[in-house]
Amino acid sequence: MCGIVGYIGEREAAPILLKGLRRLEYRGYDSAGIAVVNGTLDVRKKLGKVDVLSGEIDTHAVLGNVGIGHTRWATHGIPSDINAHPHVSSDGVFALVHNGIIENYMALREKLERLGYKFQSQTDTEVLVRLIEEIHSSGNTSLVESVQEALRHVVGAYGIALVSAEEPDLLIAARNGSPLILGVGKNEYFLGSDASPIIEYTRDVVYLNDGEMAVVRRWGYEVLTIDNVKLDKAIDRLDWDLQEIEKGGYPHFMLKEIFEQPKSVQNAMRGRIDPANKSIRLGGLMEYIDVLREASRIVICACGTSWHAALVGEYMIEGIARIPVEVEYASEFRYRNPILRKGDVVLVISQSGETADTLAAAREAKEQGIPVFGICNTVGSTISRETDAGIYLHAGPEIGVASTKAFTGQITVLAMLAIKLGRGRALDEDLLDTYAEELLNIPAKIEEVLTQSEEISNIGQQYSYMSNFLYLGRGANFPVALEGALKLKEISYIHAEGYPAAEMKHGPIALIDQFMPVVVIAIKDSTYHKVLSNIEEVVAREGAVIAVTDADSGDLERLCKHVIRIPSTLEFLSPLLSVIPLQLLSYHIAVQRGCDVDQPRNLAKSVTVE
Ligand code: AGP
C-alpha cells in the first residue's frame with residue numbers, strides 16, 4: 001500500500017528510483033513521483049502508472065544523486081497530479097513521501113491553517129510536511145530534529161522518506177507501522193518499502209522497526225529512535241534472486257506464480273519431510289511444538305486469501321491432529337476485546353508479513369501473554385520478526401496482487417503442521433504417515449492440473465461476459481470456493497460468492513437462472529453424493545455448472561456443462577489441487593475481459609493501513 005524508494009550515493013538517482021518504483025508498483029499504482037536534489041529540488045509527479053512518470057522524465061531529464069520516490073494507493077484525496085507524492089515544503093526546500101495514514105491529520109491541518117499555512121492537496125501527508133516546516137522554521141532545530149519532533153505529534157501509521165535541497169548529503173527515513181528497509185551498499189544507500197528495489201544493488205539490509213528512523217549520509221548511516229536514542233542494528237542478508245521478481249517470459253506475474261506452484265509447494269516441504277520415515281521437522285517452531293500440541297485451542301488470525309488458507313487449516317488441524325481451532329478475521333479479532341485463556345495459542349498467517357490488521361492481532365495476543373506464531377512468506381517482514389516463532393513458506397516473492405502460490409504454500413505448511421501436531425497425540429500413526437507421504441506427491445499432481453490451462457481458458461471464454469458467479473464446495477473445499485470467488489472478483493470485477501454447497505438451499509438458490517454460472521468443487525469424498533444432489537438442484541433451475549472433480553464416474557458429465565478433472569488425493573489435501581483450476585479460470589476470464597491482471601483497480605498487494 002504505497003511504495004517508497006530512496007537513493008543516496010554517486011550514481012544518477014532518477015533511473016534507480018524509477019526502476020525501484022516499477023518493482024514496487026504492485027503496492028499502489030494510481031500515481032507516482034520522484035524528488036531529486038541537485039542544487040535545488042527537482043520534483044516530478046504524475047497521475048497514472050510509473051510509465052507515465054517515466055515518459056515525462058525521458059523528455060526532461062532529472063539529474064542528481066540523492067532522491068526519493070513514491071507510488072501511491074490513495075487513502076486521503078483522489079488520485080491526481082496534486083495529490084501524488086512527493087509533497088514539498090512551502091519554500092520548495094524539502095520533499096517527503098509517505099506510506100500509511102495520519103489519523104489526526106484534520107486537527108493538525110486546522111491548527112496549521114490557523115498559523116497561516118496553505119495546503120494544495122487533500123492528503124494527510126501534506127500536513128506532516130507543513131508540520132515539519134513549522135517546527136524547523138520556528139525553532140533552532142536541525143531537519144532531523146524537526147522530523148523527530150513532528151513525528152511525535154502524529155497519530156497513525158507511517159513510513160516516510162525525506163530529502164532537502166539545503167542538505168544535499170542527507171536522506172531521512174522513519175517508520176511506524178509501514179515497512180521500510182535500508183539497503184547498505186559501498187558508498188551508497190538504498191531505501192525500499194520492501195527488498196525488491198534494493199536487491200539488484202546490494203543484499204545487505206537493515207530492517208527498520210516501528211519507532212525507528214535512519215539518518216543516511218553519503219559516508220554512512222545511523223539508526224535512531226524517534227526520541228533520538230542511537231541503536232546498534234544488525235545488517236541482514238537478503239536471500240532472494242533477482243529473477244524471482246521478474247516475469248520470466250510470462251505475460252503476467254499472476255500466471256507465472258500459478259505455474260510456479262509445483263516448485264513453491266515443493267520448496268515449502270524441502271528439508272521438512274523425511275521421505276524415509278515420514279517425520280516432519282519444522283525448524284522455526286521446534287522448541288514450541290509441544291506448546292502447540294498441548295494447546296487447548298489454536299486461534300488463527302488472517303485476512304483475505306490468508307484467511308481462506310486458515311479455514312483450510314482449521315479442517316486439517318481439527319481433522320488430523322484433533323486440536324480445536326478457531327479462525328478469525330484479524331480486523332475483527334483486534335477490536336472486539338477477544339477472550340484468550342491460558343492454554344490458547346494464536347497463529348497469524350500473512351503472505352507479506354506486513355498486513356496491518358494481522359500484525360495488530362498478533363500484538364493484541366502478545367499483550368495478553370499468549371504465545372503467537374506466524375506463517376509468513378516474506379523473510380524479515382514485521383510479523384515474522386514480532387511473533388515468538390514461525391514457519392516461512394519459501395514460495396519466493398509473490399508480485400501479482402491476486403495471491404496464488406502463497407495460498408498453496410500456506411496450506412502445505414498447515415498440512416505439515418497438522419501432521420506434526422497429530423504425532424504423539426495417540427492418533428493413528430499409519431494414517432499420519434500416509435498424509436506425509438501423499439503430501440510429497442502433490443507437486444507432481446499440481447503439474448498435471450496445470451496442463452489443462454488452455455482448456456480452462458476455453459471454458460472461461462464462454463462465461464467472460466457474465467456478471468455473477470457462484471462457487472460451491474464442502475468440507476476443506478468450502479474455503480476453496482471462497483478463494484475461487486475472491487480471485488474472480490479481484491481481477492475480473494465480476495461479482496462472485498462462495499458458499500458451502502449445502503447452504504445454497506438457504507438463500508443463494510434464489511439467484512440461480514441461466515445467467516448464473518456455478519462452479520462446484522465435487523471431490524469424491526464423504527459428501528460427494530450430497531454435492532451431486534446440489535448440482536442437480538442447480539441444473540433443475542437452468543444454472544450452468546462447471547465442476548472440478550477427481551471422480552471419474554460419468555455422473556458429472558451428464559449434469560454439468562463442463563468438467564475439469566484433477567488427480568485424486570487425500571480429502572484434507574484436495575484444496576491444494578482443487579484451487580488450481582479456479583486460479584486459472586479467474587486469470588483467463590480477466591485476460592479475456594481486458595483487465596489489468598497484476599494491478600487490478602483499487603487493490604494493493606500489501607495492506608499496511610487499516
Ligand atoms: C489475495 O488475492 C488478496 N489480494 C488479499 O486478500 C490478501 O490475501 C490479503 O490482503 C492478506 O494479505 P497477507 O497474506 O499479505 O496478509
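This is a short talk on where the ligand sits in this structure, and on the pockets, cavities and backbone details around the chain.

Okay, hi everyone. One thing up front: what you're looking at is a predicted model.

Let's start with the ligand. Where does it sit? The ligand is in the largest pocket. As for which parts of the chain hold it, helix 9, residues 304–321, and helix 16, residues 478–492, are the elements that give two or more residues to the shell around the ligand. In total, 15 residues surround the ligand, and the closest are Ser306, Ser350, Ser352, Thr355 and Glu490. If you sort that shell by class, you get five nonpolar, eight polar and two charged residues.

Now for a few individual contacts. Take threonine 355: an N or O atom of its side chain is 2.4 Å from an oxygen atom of the ligand. With serine 403 it's the backbone that takes part, with a polar atom 2.8 Å from an oxygen of the ligand. Valine 401 also uses a polar backbone atom, and that one is 3.0 Å from a nitrogen atom of the ligand. How much of the ligand does the protein bury? Taken alone, the ligand exposes 410 Å², and the protein buries 91% of that.

Let's step back to the pocket itself. Its volume is about 570 Å³. There are 28 residues lining the largest pocket, and the ones closest to its centre are Gly304, Glu490, Ala604, Lys605 and Val607. You'll recognise Glu490, which was also among the closest residues to the ligand. Which elements supply at least two residues each to this lining? Those are helix 9, strand 18 (344–350), helix 11 (356–367) and helix 16. By class, the lining of the largest pocket comes out at 12 nonpolar, 10 polar and six charged residues.

On to the cavities. How many cavities of 30 Å³ or more turn up in the whole structure? The search finds three. I'll talk about two of them.

The largest cavity has a volume of about 320 Å³. Its lining is made of 28 residues, and nearest its centre you find Asp194, Ala195, Trp240, Ser352 and Thr378. Ser352 is a name we've heard already, as one of the closest residues to the ligand. The classes in this lining are 11 nonpolar, eight polar and nine charged.

Then there's the second largest cavity, at about 70 Å³. Among the residues lining it are Cys2, Arg72, Trp73, His85 and Asp124. Strand 6, residues 94–102, gives the largest share of that lining, with three residues. The class count here is two nonpolar, seven polar and two charged residues.

Keep His85 in mind, since it lines that second largest cavity and also brings us to the backbone. What kind of peptide bond joins histidine 85 and proline 86? It's a cis bond, with omega about 0 degrees. Proline 86 is in the loop between strand 4 (66–72) and strand 5 (87–88).

One last backbone detail, back at helix 16. Tyrosine 493 is in the loop between helix 16 and strand 22, which covers 495–500. It has a positive phi of about 60 degrees, although it isn't a glycine.

So, if you take one picture away, let it be this: the ligand sits in the largest pocket, with 91% of its own exposed area buried by the protein. Thanks, everyone.

Key: Residues numbered from 1 in each chain as written. Predicted model: local features only at pLDDT ≥ 70, side-chain atom pairs only at ≥ 80, totals over all residues. Heavy atoms only, no water. Near = heavy atom within 4 Å. Polar contact = N/O pair within 3.5 Å; in protein donor to acceptor, adjacent residues only side chain to side chain. Areas by Shrake-Rupley, 256 points an atom, 1.4 Å probe, with all protein chains shown as cover. 1 Å grid on protein atoms, 1.4 Å probe; cavity = no way out; pocket = protein on both sides within 12 Å on 5 of 7 lines; lining within 4 Å. Sits in = over half its atoms within 2 Å of the grid points. Helix = DSSP H or I, 4+ residues; strand = E, 2+ residues; numbered from the N terminus. Nonpolar A, V, L, I, M, F, W, Y, C, P; charged D, E, K, R; others polar. Points joined across faces, edges and corners; volume = space filled by probe spheres on them.
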